[in-house]
Amino acid sequence: MKNTFTMLLAALVACVFVAQAPLAQEAKDEAEPAEVKPKQTSQEDRRKECEEIIGSMRDLARVAYAKSGEAPKTLTGEAGKQGCGATAEDLKGDYAKMHDQVYAVTDKRGSAALIVEDVAGKDGFAIMTFEWASGDSKVDWYASLDELKKAHKEVKIEDKTTDAGEGKEAEGEGKDAKEGDGEIDPWAAYRKEGRNWTYEITGGFKMKTTIKNVTDDGCDMETQMYMNGQAMGPANTTALKFETAERGSGEMPPAPKSIEKEIECKAGTFEAISYDDGKTWMMKKYPGIIVKSEAMELVEFNEGDED
């Protein structure tokens, strides 16, 4: 087949060279491809893609937060270690490019923000502010990043950090928690081999977390997602280190107000604490375990094998 193709090609070339000049010129003119113009896209198409990507990154960030009990700081990076598990390619589209940060919303605890820009049509920047618990979100577009910053001074864009209002510092009852000072251990929930808990999440999902391979320094957190009683792929295992971030020397912001009471859920009744006026309740004994929120409810809790 290869030899046949070669012979046909040689014959075709010979015919071209022996043809009369006018015919050759005519063939050349006909062979020239028409100019290929770049595909035209509308602002609506570009913004639609941008908003689809920022929406998917919001969902990914909320899953990372639900698994670790701590607000992520970046979209990339390992989930459970201040990342959401996204890849660099996940942040890009044909027209869109995500900023690889999860930003704090200073005047509304329990909220965060994401930013995406239209890199194809230069149509500006979009910011999505959303609530960790419910996922409720709002998207606003601006011509430039400077305009976005001026319009959203409540979003910590410069320092590129985020605070869900329900992460490890908040779970320490809003005090200057330090090891050995009698405050609640932010890693208490993760220090017991076999301890496990299951959430029922809006949309028909369930998520079970099991603590394994506990040492003095850390553990493995196994997370399995379910839909209609069926496992959604293999379990995800995240290695956790029992580390407490050092506090800076600057003035600390005022501690958030908290309320405490017993909360009943499908898993039982627990002493709980909230830092967002009762929208989200966490176990007082085990920071990081949500008892009930607008988007999830604890449906099973097991202490694990006794020492």
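Q: Which residue in β4 is the bridge partner of Ile 115?
A: This is a predicted model, in which local features need pLDDT of at least 70 and side-chain atom pairs count only at pLDDT 80 or more, while totals for chains, interfaces and linings use all residues. Residues are numbered from 1 along each chain as its sequence is written, and side-chain values use heavy atoms, with hydrogens and water left out. Strand β3 (residues 111-118) runs antiparallel to β4, with 8 bridges joining them; strands are DSSP runs of E with at least two residues, helices are runs of H or I with at least four, and both are numbered from the N terminus. In β4, the partner of Ile 115 is Ile 127.

Q: Which residue in β5 stands opposite Phe 130?
A: β4 also pairs with strand β5 (residues 137-142) in the antiparallel sense, over 6 bridges; two strands pair if DSSP finds at least two bridges between them. Opposite Phe 130 in β5 stands Ser 137.

Q: Which residue takes a positive phi in the hairpin of β4 and β5?
A: This hairpin has 5 residues between its strands. With a phi near 85°, the residue is Gly 135.

Q: How many of the 8 residues of strand β4 are buried?
A: Buried means under 20% relative accessible area, exposed means over 50%, and partly exposed lies in between, with a 1.4 Å probe and protein chains only. Strand β4 (residues 124-131) is largely enclosed by the rest of the structure, because its buried residues number 7.

Q: In β10, which residue is the bridge partner of Met 221?
A: Let's approach through β8. Strand β7 (residues 205-212) and strand β8 (residues 218-227) are antiparallel over 8 bridges, and there Ile 211 is matched with Met 221. β8 is also joined by 6 bridges to strand β10 (residues 236-241), again antiparallel. On that β10 side, the partner of Met 221 is Thr 238.

Q: Which residue in the turn between β8 and β9 has a positive phi?
A: β8 pairs with strand β9 (residues 230-231) in the antiparallel sense over 2 bridges, and Met 227 stands opposite Gln 230. The hairpin leaves 2 residues between the strands, and the one with a positive phi of about 55° is Asn 228.

Q: What phi does Asn 213 have in the hairpin of β7 and β8?
A: This hairpin has 5 residues between its strands, and Asn 213 sits in the turn. Its phi is positive, at about 55°.

Q: How far apart are the end C-alpha atoms of helix α3?
A: The expected span of a helix is 1.5 Å times one less than its number of residues. For the 26 residues of helix α3 (residues 43-68), that should give 38 Å. The model agrees, with the ends apart by 38 Å.

Q: Which residue with a positive phi follows α3?
A: Just after the helix, phi is near 75°. That residue is Gly 69.

Q: Is Asn 196 buried or exposed?
A: Asn 196 is found in strand β6 (residues 196-201). Leaving aside neighbours within four places in sequence, Asn 196 is in contact (heavy atoms within 4.5 Å) with residues including Lys 208, Thr 210 and Phe 301. Since its relative accessible area is 10%, Asn 196 counts as buried.

Q: Which residue's backbone nitrogen does the side chain of Ser 293 reach?
A: Ser 293 lies in the loop between β14 (290-292) and β15 (296-302), and at 14% relative accessibility Ser 293 counts as buried. A polar contact is a pair of N or O atoms within 3.5 Å; within protein, one must be able to donate a hydrogen and the other to accept it, and residues adjacent in sequence count only if both atoms are side-chain atoms. At 3.2 Å, the side chain of Ser 293 reaches the backbone nitrogen of Ala 295.

Q: How many disulfides does the count give?
A: A disulfide is a pair of cysteine sulfur atoms within 2.5 Å. Cys 84 counts as buried, at 5% relative accessibility, and so does Cys 219, at 3%. By the distance rule, the number of disulfides is 0.

Q: What share of the 307 residues in the protein is buried?
A: The protein has 5 helices and 15 strands. Of its residues, the buried share is 40%.
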